[in-house]
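Here are a few short exercises to work through with the model open beside you. Try each one before you read its solution.

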Amino acid sequence: IIFAAIFFIPETLPPPIRAIIWYNPLSHIVAIMRTAFYPMYPTQMISVPYVLAWIIGSLVVGLAMQRVMRFRIVEH
């Protein structure tokens, strides 16, 4: 929760810390939600393609793991 930038605004942090937080896809989702409630929210930390890449990548990995492990799950 701390690294998802829920309790603070990442745009107000020093650049080195902001660069680390930028790699967390949850911080992008939190920033997108903040823009829905606060129209004047700064949007330097939002990257929708980055979030979509994580979502699609997680979905592909999860479905591939389910496909591979399906027979092991059925046997037990």
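**Exercise 1: a loop residue**

S47 touches W22 and H28, leaving aside residues up to four places away in sequence. This is a predicted model, so let's see what it says about that spot.

Task: Find where S47 sits, and decide whether S47 counts as buried or exposed.

Solution: Start with the place: S47 lies in the loop between α2 and α3. Next, take its relative accessibility, which is 17%. Buried means under 20%, so S47 counts as buried.

**Exercise 2: the helix before the loop**

Task: Work out which residues of α2 are buried, and what covers them.

Solution: First, get the helix in view: α2 covers residues 25-37 and reaches 19 Å from its first C-alpha to its last, close to the 18 Å expected. Then pick out its buried residues, which are P25, S27, H28, V30, A31 and R34. Finally, look at the cover, which includes α1 (15-21) and α3.

**Exercise 3: the helix after the loop**

Task: Say which helix gives the most to the nonpolar surface patch, and how V48 counts by accessibility.

Solution: Begin with the patch itself: I32, V48, L52, I55, I56 and V60 form it, with about 510 Å² of accessible area together. Helix α3 (residues 48-75) gives the most, with five residues. Now zoom in on V48, which is found in α3. V48 has 42% relative accessibility, so it counts as partly exposed. To finish, follow α3 along and you'll meet a kink of about 50°, centred on M69.

Note on methods: Residues numbered from 1 in each chain as written. Predicted model: local features only at pLDDT ≥ 70, side-chain atom pairs only at ≥ 80, totals over all residues. Heavy atoms only, no water. Patch = residues over 30% accessible without salt bridge, like charges linked within 9 Å, V, L, I, M, F, W, Y side chains within 5 Å. Areas by Shrake-Rupley, 256 points an atom, 1.4 Å probe, with all protein chains shown as cover. Salt bridge = Lys/Arg side-chain N within 4 Å of Asp/Glu carboxyl O. Helix = DSSP H or I, 4+ residues; strand = E, 2+ residues; numbered from the N terminus. Buried < 20%, exposed > 50% of the residue type's maximum accessible area, 1.4 Å probe, protein only. Bend = angle between axes of the 7 residues up to and from the residue. Expected span 1.5 Å × (residues − 1). Contact = heavy atoms within 4.5 Å.
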